[in-house]
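Here are a few exercises to work through with the model open in your viewer. Try each task before you read its solution.

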Amino acid sequence: MTRTGLLALMASIAMTGAAAADCRIINFIFHLSQNDSVSTTGVSTRGSACVTRLRSGATSVFRSAAVTMPPAKGTLTEFGTMRFRYKPNAGLKGTDRYSIRVCGSDRAGSGCSTITHVITLE
């Protein structure tokens, strides 16, 4: 499905040294020009870090990104340009959530969207 102003964010997978430990975040779509609020889910096994990388493309340009709600059960840091790393605290199970606000423009105009990640800690 193609729509003007539709942006797809690919969340990269962060692997740790342990072969069975990883973090997987579900891909999601948001509209900068519509000032969306979207939610995505992910799973972190054995305390693995999750990495979200925002990439500008042919239909979108990201100008800024900032943490608007930090996680309660881990840390969220920005490293590099438009890349965020979530690391859960050791030994925790359950869920954690955090939000990132992204601003920029797409084919339909400019605006900001808030992306909330809900991570299951296994």
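**Exercise 1. Work out what share of the chain's 122 residues is buried, and put it beside the surface and contact totals.**

Solution. Start with the cut-off: a residue counts as buried when its relative accessible area is under 20%. In this predicted model, 46% of the 122 residues are buried. Next, take the surface: the chain exposes about 6,300 Å² of accessible area, and carbon and sulfur atoms hold 52% of that. Last, look at the contacts with a separation of 6 or more: 63% of them are between residues 24 or more positions apart.

**Exercise 2. List the secondary structure elements from the N terminus on.**

Solution. Count helices and strands: you get zero helices and 11 strands. Reading from the N terminus, the run is β-β-β-β-β-β-β-β-β-β-β.

**Exercise 3. Find the strand order of the open three-stranded sheet that contains β6, and say which strands stand at its edges.**

Solution. Begin with the pairing of β6: this strand runs antiparallel to β9 (residues 83–88), with four bridges between them. For one bridge you can look up, take Thr52, whose partner in β9 is Phe84. Now lay out the whole sheet: the order is β6-β9-β8, paired in the antiparallel sense. Then check the edges: β6 (50–53) and β8 (74–78) each have a single partner strand, so each of them has one side without a neighbour in the sheet. As for the twist, the average is 15° from one strand to the next.

**Exercise 4. Search the whole structure for disulfides and describe each one.**

Solution. The search turns up two.

- Step one, Cys23 and Cys50: the sulfur atoms of this disulfide sit 1.8 Å apart. The S-S torsion is about 90°, so this link is right-handed. Cys23 belongs to strand β3 (residues 22–25) and Cys50 to strand β6, so the bond ties together parts 27 residues apart in sequence. Are these cysteines buried or exposed? Cys23 is buried at 1% relative accessibility, and Cys50 is buried at 0%.
- Step two, Cys103 and Cys112: a disulfide joins them, with an S to S distance of 2.0 Å. The angle about the S-S bond is 105°, and the link is right-handed. With the 20% cut-off in hand, Cys103 comes out as buried at 17%, and Cys112 as buried at 15%.
- Step three, the pattern: number the bonded cysteines in sequence order and the pairing reads 1-2, 3-4.

**Exercise 5. Decide whether Thr114 is buried or exposed, and find which residues it touches beyond its neighbours within four places in sequence.**

Solution. First, place the residue: Thr114 is part of strand β11, which covers residues 109–121. Second, check its accessibility: the relative accessible area of Thr114 is 16%, and because buried means under 20%, Thr114 counts as buried. Third, gather the contacts. Setting aside neighbours within four places in sequence, Thr114 touches Asp36, Ser37 and Val38, then Thr68, and also Ser99, Ile100 and Arg101.

Definitions and conventions:
Residues numbered from 1 in each chain as written. Predicted model: local features only at pLDDT ≥ 70, side-chain atom pairs only at ≥ 80, totals over all residues. Heavy atoms only, no water. Pairing = 2+ DSSP bridges. Helix = DSSP H or I, 4+ residues; strand = E, 2+ residues; numbered from the N terminus. Axes fitted to C-alpha atoms, helices over the stretch in contact; angles between N-to-C directions. Buried < 20%, exposed > 50% of the residue type's maximum accessible area, 1.4 Å probe, protein only. Contact = heavy atoms within 4.5 Å. Areas by Shrake-Rupley, 256 points an atom, 1.4 Å probe, with all protein chains shown as cover. Disulfide = S-S within 2.5 Å.
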